[in-house]
Amino acid sequence: QVQLVESGGGLVQAGGSLRLSCAASGRTFSAYSMGWFRQAPGKEREFVAAIRWSGGNTYYSDSVKGRFRISRDNAKNTMYLQMNNLKPEDTAVYYCNTVVFATMTPSGSWGQGTQVTVSS
C-alpha cells in the first residue's frame with residue numbers, strides 16, 4: 001500500500017490556475033491507477049479525475065473535463081492535477097487516492113487533502 005501526501009492548494013481568483021501534487025511513498029506507486037477526488041463544504045466527496053498506472057488512459061468528471069489535466073511521473077512517485085480556468089464551484093478539499101480504474105472508485109486510505117479556494 002502507498003502513503004499519499006497532497007500539496008499545491010491555495011487561494012486563486014476565478015479564471016486562474018493551480019497545480020496540485022500527490023507524492024507517494026513506497027516502491028509500488030507505478031503499479032497503481034490513481035485518482036483525484038474533492039469534497040466541498042456540506043457535500044459528499046466526489047470523483048474528479050483518474051489515470052491508469054501506465055499513464056496511458058485518463059478519465060474526467062464532466063464538471064472538470066476540458067479544464068483539468070491529470071498526469072503522473074512514476075520515476076518521481078508523483079501524480080499531478082493541472083487545474084485551469086478555475087471556477088468558484090471548484091472550491092473544495094482535494095484528495096488523491098489509488099483507484100479501481102474500471103469503476104473510478106477509491107481503493108486506499110485518505111490523506112489530509114489540500115484546500116483549493118476559488119474567489120469570484
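This report describes an open sheet and two buried residues in a predicted model.

## The four-stranded sheet

Four strands come together in an open sheet, in which they follow the order β1-β3-β8-β7 and the pairing is antiparallel. The edges of this sheet are formed by β1 and by β7, which covers 68-73, and each of these two strands pairs on one side only. From one strand to the next, the twist averages 15°. As general background, the strands of a sheet pair through backbone hydrogen bonds, in either a parallel or an antiparallel way.

## The two edge pairings

At one edge, β1 is paired with strand β3, made up of residues 18-25, and this antiparallel pairing runs over five bridges. Within it, V5 has A23 of β3 as its bridge partner.

At the other edge, β7 is joined to strand β8, made up of residues 78-83, by an antiparallel pairing that extends over six bridges. Here D73 is the residue that stands opposite T78 in β8.

## The two faces of β1

Strand β1 comprises residues 3-7, and its side chains alternate between two faces. L4 and E6 point to one face and are buried, whereas Q3, V5 and S7 point to the other face and are not buried. V5, the residue bridged to A23, is therefore not counted as buried, because that term is kept for a relative accessible area under 20%.

## T98 and its surroundings

T98 lies in strand β9, which spans residues 92-100. This residue counts as buried because its relative accessibility is 6%, and the cut-off for that term is under 20%.

The side chain of T98 takes part in a polar contact with the side chain of N97, at 3.4 Å, and also reaches the backbone nitrogen of G108, at 3.3 Å. When residues up to four places away in sequence are not counted, T98 touches V2, L4, Y32, S33, M34, T105, P106, S107 and G108. Among these contacts is L4, one of the buried residues of β1, and G108 appears there as well.

## V118 and its surroundings

V118 is placed in strand β11, which spans residues 114-119. With a relative accessible area of 6%, V118 is likewise buried.

Leaving aside neighbours within four places in sequence, V118 is in contact with V12, Q13, A14, L86, K87, P88, D90 and T91. S25, by comparison, lies 93 residues from V118 along the chain, and the C-alpha atoms of the two residues are separated by 30 Å.

Technical notes: Residues are numbered from 1 along each chain as its sequence is written. This is a predicted model: local features need pLDDT of at least 70, side-chain atom pairs count only at pLDDT 80 or more; totals for chains, interfaces and linings use all residues. Side-chain values use heavy atoms; hydrogens and water are left out. Buried means under 20% relative accessible area, exposed over 50%, partly exposed in between (1.4 Å probe, protein chains only). Two strands pair if DSSP finds at least two bridges between them. A polar contact is a pair of N or O atoms within 3.5 Å; within protein, one must be able to donate a hydrogen and the other to accept it, and residues adjacent in sequence count only if both atoms are side-chain atoms. Contact means heavy atoms within 4.5 Å. Axes are lines fitted to C-alpha atoms, for helices over the stretch in contact, and angles run from 0 to 180 degrees between N-to-C directions.
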